[in-house]
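Here are some short exercises with worked solutions. Try each task on the structure before reading on.

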Amino acid sequence: MKNHAFIKLSGQKDNKRIPSRVLEEMIHHHIKNGRRNIEVEGFGQHGIGGRLWDAGADETHIRIVGQSGQRAGSFGHFGTRIEIMGPASDDVGWLNAGAEIIVHGNASNGVMNGAAQGKVFIGGSIGARGMTMTKRNPRFEPPELWVLGSCGDYFGEFMAGGIAVICGHTTDPKDTVLGYRPLVGMVGGKVFARGNSDGFSEKDAKRVSVSDEDWNWLTTHLNAFLSKIHKNDLLPSLSIRSDWQLIKARSAREKTDSPEKSSMAWFRDQVWDRELGRGGLIGDLEEIERGSIPIITRGDLRRYIPVWEQGRYMAPCQAACPTGIPVQERWSMVRQDNVDEAVAMGLHYTPFPATVCGYLCPSPCMASCTRNLKYMSPINVKLLGKAGENVKLPKTVKKSQKKIAVIGAGPGGISAAWQLTLKGHTTTLFDTGSAIGGKIAAVIPGSRIPKDTLESELKRVKEFIPDIRLNQVMDKKEFSKIKYDYDFTIVAAGAKKPRMLPVPGIDHAVSANEFLELSKKDNIKPGKRVVIIGAGNVGCDVATEAHRLGAKTITLIDIQKPAAFGKEKEDAEGVGATFRWPCFTKEITKTGVVLSDDEILKSDTVVVSIGDVPDLGFLDESIKIDKGFIFVDAYNRTSDPRVFAIGDAVGPGLITDAIGAGRKAAIIIDRIIEGKSPDGDTPLPKLDKTRISLEYYNPKNRADTLKECGSDCASCGKCRDCGICVAVCPEAAIERVETGKDGFEYKVNPDLCIGCGFCKGACPCGIWDLIPNPAV
Amino acid sequence: MSSNRSLEPSSLSLNDLPWQIRYNNDRCTLCGQCTAVCPVKAIELKVFQKRIIKTSVQPEKGHTNDYDSFYGIRQKTRVENACIGCAMCTLVCPNDAIAPVKNPGLDRLKFHINQNGIPRRRGGRRNSSDSILDRIKFIRISMLTDPALDAGRHEFEMRTLLGRVLSPRENMKRLKEKGWIPPVREIYPLIIGGMSFGALSPTMWEGLQMGVAYLNEELSMPVRICTGEGGCPPRLLRSRFLKYVILQIASGYFGWDEIIHAIPHMKEDPCAIEIKYGQGAKPGDGGLLMWHKVNKLIAAIRGVPPGVSLPSPPTHQTQYSIEESVAKMILSMSMAWGFRVPVYPKISASSTSLAVLNNLARNDYASGLAIDGEDGGTGAAYAVSMDHMGHPIASCIRDNYLNLTKIGKQNEIPIFAGGGVGKNGNLSANAAALIMLGASGVQIGKYAMQAAAGCVGTEEDRCNVCNLGICPKGITSQDPRLYRRLDPEDVAQRIVDLFVSFDTELKKIVAPLGRSTSLPIGMSDALGIDDYAAAERLSIKYGV
């Protein structure tokens, strides 16, 4: 019985407040001794009533009278019941772990802060930060806080569990029962509130309707609460269901979804566009399509588009050929098994496919062949040239009434007459010599061009050009007559006059032309020692011929590094000729060449090979001469517009230069005759070689048959019709389309193309390009 | 006569380029998306050759020697096609087979980029990740010494004042005498700085404005945005959204006749007028919007015919001294709106800024001073200006603020700091540091482009082609094929994200300092840095 009676402890001894520590020891002492009902007269001591675990599972009742002090009932234990008979100080039920605490009055700040279990019943109102940081441990029932009145500010901050019931009794309807900014950071639990509960953190919590189950729970427990605080009479006034609201924490998912925030799409539609007008900020200024587009686009939205540039560029070989032969076209024909046509085509450009293309030309086309970029052997045009030796004559197109004279039957003159004849004009070829061919026939050694080849091509020329007049006297009078008799005159007189050195004893020397002409007829004996002044390619020809005719010591001297190159130089070196430079000739004597340092190069024959100059004495005053050569404009027209000049008479060059100039002059004259401007079509720009993909070809392959050359030609700028672009296009946007007989075209479907440029990258011939899309 | 490729001074190898394409042929599907998207055509499909040699030490078995070709992506090495590192190829690649990688060696492109005698120009940034702001730490944590505040639950007034605040005595006097009181705006301390309609694409510009309007109207954050020098779309001028806008006037005066025409029809006054005298990225240099970028839209907004080049000279043409510039320009601009709108100049950070500040201090009409530091961004500038001209923002702001404290006017003229705020992603820390050094607010540009539109620029010279109109994200392009990649709504949403998260971070910084009722402007006792010289220079604590 003794244990059930209340033992009274005072927080004061001898009129002095005893320390919290001592009061705590006293309470524990009695609990250990089995007492379970203790009345404490508090004098503000800290933490009265908590931590009564020595009582085990027994019910313990602590009644606090006087001033309860802070944190009454903190760390409260299951089975502990604390009744505070007046108002309570801060943190009632702090970290409550199971105690039931009743306060018969108001409680100040921090009620139930950090509590996890237990129940706190407040018979009045509470201060700030009640029910903050409360949590619910799933092993136990949730903590509960019952408040008859209302709450101070920041109620329920970071509340993570538990149930709070705020009855709002006698609260002014203007004031909120939950105080200022309640429930910030709430993540769990629920709050029943009676009255105005506005202002809670809607980010963290939401109002939900009070279910029947909630209502039953509330009314049942409300009755119990009112009993504990002795206010049963309030039950009817507090039991009006519509007065109550339930506020619950939002779930983590609800917070991330944040459905309450207006979407930007809504804002744009309902606020932005509504204020600014349809189309938004610039809807009045530009009718641009709104709406975003993907990164990879088609049609007009592509930044770049592919273009199939068939025939828009000139192949590098053709561009390099002074005669202008479309070399790649011919290899294309070879590829299509039209070898005959390919060979025959040559005669439309040159009368000497075999002699010049096949043998004498240094082949600028091959030097510029794109294959050189990858150190691959250039396509061998010489094969194609040589095949042209026996091709039948081309057909001429028409007959015109115009008469044209060509003076000089060298390669340039023959080329001009050939082209004019092809175009149907009546052409007369004049020459002072007894044979046609100029230097090709007269000077170039037999070692460089087989006699049969040359003769057969010269024969073909003679067959084709009906009016060839040899052994003509050419002087001013004759020239004026020709000019008068013919509609146009082309001067192709060449450079036949050798340049000689102005040194004493020059009479002892022979010119290179003279030497080569005689040697070709085996009509000269040069002796054992030959000195050649001027170490160019003609000098090399002299050296080779001299060796053939028995010379043993052959020396080529020059004032500068010898200009000789290619086959001529190799041949000269092959016969043991030596090159010396710089050597300056002071005098030529019977015994040899005296140099400026008085060294004597002994020789049986001295040959001067320092170039030729034109012999233009026959021209009249109407033809302007500039530094020994005929002055011409860009059309090869002289100062007399009816007189054209080409070849070495205009300036030194290769045979192919002369042939090309002959063809050019013929084309221009033809255009003038036809009444057109001398300007033809603008020549196509040269293809950029980097557009060619040489990786398709075997670099070790040295094409040495016509067939191999045809298949290994990169076909620069001319579509091979291989279909690689169709195969490579990732969007299947390219299609091959037939256009008439044998014609074809590769077309892009803009609705499929994404402008990646793969067609360009893969094209072996450089036909495809990728250009900025002009469409916007 | 050889036509083999010859070596030129500017023949570069892949090794010389600042950005190299790392490409994995095994993973590539040859879909063409990377080459289609590359803004500078730095990559292309190429045919490659492969040699397959099969040999045997037993000669009777024979050897074979075959060539095969295959396709792959190749990087071009021409100067004009040098990869800019934007990584759009990586973005579109379905198989993660391609990516640009920064060359760790010397960038030799630098020596060759001046082809045809034209020095490098670029957009973007200074390309230096150095940042004194990043090194500043907030070392004064109140904890138990002052009431420690909680950024999560305390309410903060993250607001600043834009406008001239009179001294209390003067204010009372004028109130009593019914005198003129300068206009003052209470605004959010993070401002979107001036980026013109023209420098930015229409979608980007609209997105920024829409985001700002949302912040104001849906979230009650008084964020302000400056138009930059390129006028302002007429609809915006006549809308209520104008109050969120700071109109900029600069030496080109583009679009100002349209603004003048709109004044009688304005529903709201603009937030303020910024007079631009200088830009941190290219101090002392002007700008030129090339004729080909002046399309119909830009022309309409700037009030010019399409297809003409638009120069913004380095200086205003009719102003010859600080006194005159300040007096004349500020007075004119104030007058235009009946002295109801704050007017302030923006200058590039400079060792001469104190002269400007002192001048403003004597002029009641001057509402503040914006200073743009060397790390500011730009749409186009000469590289030499960006890389070597300019003044760091931190010390300039500090000098100006300390000067104000010396003359006792630190609460009267707000200073706004810009230029590289958040350049390495630390926006709120940089902003807070500048505020505690003395700025009343900060302006951002590049950060907004990066965060709100995915600008791929970095401080490593990545992309930087804003000046060429080929922005791969559509931020600085006037080509609809590019700018339509950008949805204004998405930009607006990201602007909102940026400001809301900034707001949280700023609170996380200032709450532990115990400040909640006002911004800690000039609260330099909270700052420390691990560099003694910098600490001395900035008059903050040296903390190691």
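**Exercise 1. Find the domains of chain A.**

Solution. An automatic or database domain assignment sets the bounds. Domain 1 of chain A covers 2-257, domain 2 covers 403-496 + 614-673, and domain 3 covers 498-612. Next, take the centres over C-alpha atoms: those of domain 1 and domain 2 of chain A are 124 Å apart.

Before going on, note what is being read. This is a predicted model, where local features need pLDDT of at least 70, side-chain atom pairs count only at pLDDT 80 or more, and totals for chains, interfaces and linings use all residues. Residues are numbered from 1 along each chain as its sequence is written, while chains are lettered from A and ligands numbered from 1 in the order in which they are written.

**Exercise 2. Describe the overall form of chain A.**

Solution. Start with the box. Along the principal axes, the C-alpha atoms of chain A fill roughly 165 × 65 × 50 Å. Then take the radius of gyration, over C-alpha atoms. Chain A has 57 Å, whereas a compact globule of 776 residues would have a value near 28 Å. The globule rule is 2.2 Å times the number of residues to the power 0.38.

Now count elements. Chain A holds 22 helices and 34 strands. These are DSSP runs numbered from the N terminus: helices are H or I with at least four residues, strands are E with at least two.

Last, burial. In chain A, 47% of the 776 residues count as buried. Buried requires 20 or more other C-beta atoms, placed from the backbone, within 10 Å of the residue's own; exposed means 12 or fewer, and partly exposed lies in between.

**Exercise 3. Trace the neighbours of strand S18 (residues 415-418) of chain B.**

Solution. Strands pair if DSSP finds at least two bridges between them.

- Strand S16 (residues 369-372) of chain B pairs parallel with S18(B) over 4 bridges. Here B:Ile371 stands opposite B:Ala417.
- Strand S19 (residues 441-444) of chain B also runs parallel to S18(B), joined by 3 bridges. B:Val442 in S19(B) faces B:Ala417.
- From S18(B), the chain passes through helix H13 (residues 427-437) of chain B to S19(B), in a right-handed β-α-β crossover. Right-handed means that, with the strands pointing away from the viewer, the path from the first strand over the helix to the second runs clockwise.

Finally, check the faces of S18(B). B:Ile415 and B:Ala417 are buried on one side, B:Phe416 and B:Gly418 on the other.
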